[in-house]
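Work through the exercises below with the sequence and the model open beside you. Try each task before you read its solution.

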Amino acid sequence: MAPASLARLGWLFLRIGALAFGGLGATVAVIQRELVQRHRLMTMTDVTEALTYTKLLPGSTAVQLVAYLGWRLGGWPASAVLTACFLLPSGLLMLALAYGYSSLAHFPAVVAIRHGVLAAVVALLLLTMHQLARSTLTTPTAQALALGAFVVVGLLHINSAWVVIGAGVLSMTLLTARR
Amino acid sequence: MVYLELFTRFMIISLLAFGGGQAALSLIERVAVQDTGWLTPSSFGAAVAFAYVTPGPVLIIATFVGQQVGGLLGALTATLGAFLAPWALAAATAQQVKRFAQDEHLRAFGAGAAPAVIGMLGVTVLDLCRETFASWPYLAVGVLVFALAVWTRIPPVFLLGVGGLLGWLLA
């Protein structure tokens, strides 16, 4: 890919990264608008295919969607550059917020506001958990694994990594046993 | 060395984050609050709020945790740790060197790991509840925001704003 076109794509993915407010759904919507409709760099089928595969991989699906489409646009170098561009706006904003938080966190007014925000965060997390549960916990096995992880981590304080690996291995064993 | 620890811990989190970044919040809370004590529960809550108000992926919380623990270099190493492996996996899948994603063992692993991650999110929410709803007025704030989130289309940024405003008035 010519450097000039990579620079143009980089600018486009910076924009996408800055506009993708609200998780995976928003990222897909912005990518569809910018890459598919406005610039016609790919079709919606490409985006759907990328989503199908990246959803199965561990990690942030929004970033992996960009990594996958970036590879399709220009191989490994383009994938690296475009993924970095996509992450840059949120990374810089988060860095600024982190520095601001460090220097302001002890002010009484900020402490008071934070307590209220925290209450709102818990409410939003409950809703997120409900949405995730509705889309993922669709089989009795999945429900049992979720409940099991909740009990094991909540009561026995077993390291979270082992719990996730254990659940994965158990699920793989069930697959083999079924044959 | 704290930078290496930030890098490896976030890489492990990212490789266990079946079910996307939002579910991985539980893994981040386990590591950053419970295991290492890098953040207090209330700082973690602030980080989640920042993740809601910034664009892009939720896992960008890694930048916040890294900065709190190790400044600019900490932020860089944590962010790199959180996204390097998932990026490589996704690009390799696009290249079809190997159809990682289609491998039935990986799919079966993911089908078991994702529910476990969601179950752990329940523990995270419970921990934050204990931290936040110690007094009744804040429980009322939480219920109000929950109701607004369910029955209106007000974006999360404004809901967090409502929470902050009420917190300020309550103090």
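The exercises that follow concern a predicted model, and each task is answered step by step.

**Exercise 1. The make-up of chain B**

Describe the secondary structure of chain B and give the span of its C-alpha trace along the principal axes.

Solution. Begin by counting elements: the secondary structure of chain B comes to seven helices and zero strands. Next, follow the chain along its sequence, where the pattern reads α-α-α-α-α-α-α. Finally, turn to the extent of the chain, for which the C-alpha trace spans about 55 × 40 × 25 Å along its principal axes.

**Exercise 2. Two helices within chain A**

Determine how helix 3 of chain A and helix 4 of chain A are oriented to each other, and list the residues that make their contact.

Solution. Start with the geometry: helix 3 of chain A, residues 44–54, packs with helix 4 of chain A at an angle of about 125°, and their axes are 9 Å apart. An angle that lies over 115 degrees but not over 145 is classed as oblique, and therefore helix 3 of chain A and helix 4 of chain A are oblique to each other. The handedness of this crossing is right-handed. On the side of helix 3 of chain A, the contact is made by A:D46, A:V47, A:E49, A:A50, A:L51, A:Y53 and A:T54, while helix 4 of chain A contributes A:T61, A:Q64, A:L65, A:Y68, A:L69 and A:R72. Sorted by class, the residues of this contact are seven nonpolar, three polar and three charged.

**Exercise 3. A packing between the chains**

Work out how helix 7 of chain A lies against helix 5 of chain B, and state the classes of the residues in their contact.

Solution. Take the angle and the distance to begin with: helix 7 of chain A (residues 160–177) and helix 5 of chain B (residues 104–132) pack at about 135°, with 7 Å between their axes. This angle makes helix 7 of chain A oblique to helix 5 of chain B, and the crossing of the two helices is right-handed. Among the residues that meet here are A:V164, A:G168 and A:M172 from helix 7 of chain A, together with B:A108, B:G112 and B:A116 from helix 5 of chain B. The contact as a whole divides into 14 nonpolar, five polar and one charged residue.

**Exercise 4. Empty space in the model**

Which residues line the largest cavity, and which elements line the second largest pocket?

Solution. Consider the cavity to begin with: the count comes to one cavity of 30 Å³ or more, and the largest cavity has a volume of about 30 Å³. Its lining consists of B:Q22, B:L25, B:V48, B:A51, B:Y52 and B:V58, and helix 3 of chain B (residues 41–53) gives the most, with three residues. By class, this lining has five nonpolar residues, one polar and no charged.

Now move on to the second largest pocket, whose volume is about 450 Å³. Of the 18 residues that line this pocket, A:A84, A:L87, B:L76, B:T79 and B:L80 are the closest to its centre. The elements that give two or more residues to the lining are helix 4 of chain A (61–104) and helix 4 of chain B (61–95), and the largest share, nine residues, comes from helix 4 of chain B. Divided by class, the pocket lining has 14 nonpolar residues, four polar and no charged.

How values were computed:
Residues are numbered from 1 along each chain as its sequence is written. Chains are lettered from A and ligands numbered from 1 in the order in which they are written. This is a predicted model: local features need pLDDT of at least 70, side-chain atom pairs count only at pLDDT 80 or more; totals for chains, interfaces and linings use all residues. Side-chain values use heavy atoms; hydrogens and water are left out. On a 1 Å grid over the protein atoms alone, a cavity is a set of points where a 1.4 Å probe fits but cannot get out, and a pocket is an open set with protein on both sides within 12 Å along at least five of seven lines; lining residues have an atom within 4 Å of a point. Grid points are joined across faces, edges and corners, and a volume is the space filled by probe spheres set on the points. Helices (H or I, at least four residues) and strands (E, at least two) are DSSP runs, numbered from the N terminus. Ala, Val, Leu, Ile, Met, Phe, Trp, Tyr, Cys and Pro count as nonpolar, Asp, Glu, Lys and Arg as charged, and the others, Gly among them, as polar. Axes are lines fitted to C-alpha atoms, for helices over the stretch in contact, and angles run from 0 to 180 degrees between N-to-C directions. Angles under 35 degrees count as roughly parallel, over 145 as roughly antiparallel, 65 to 115 as roughly perpendicular and the rest as oblique. A crossing is left-handed if the near helix is turned anticlockwise from the far one by less than a right angle, and right-handed if clockwise. Contact means heavy atoms within 4.5 Å.
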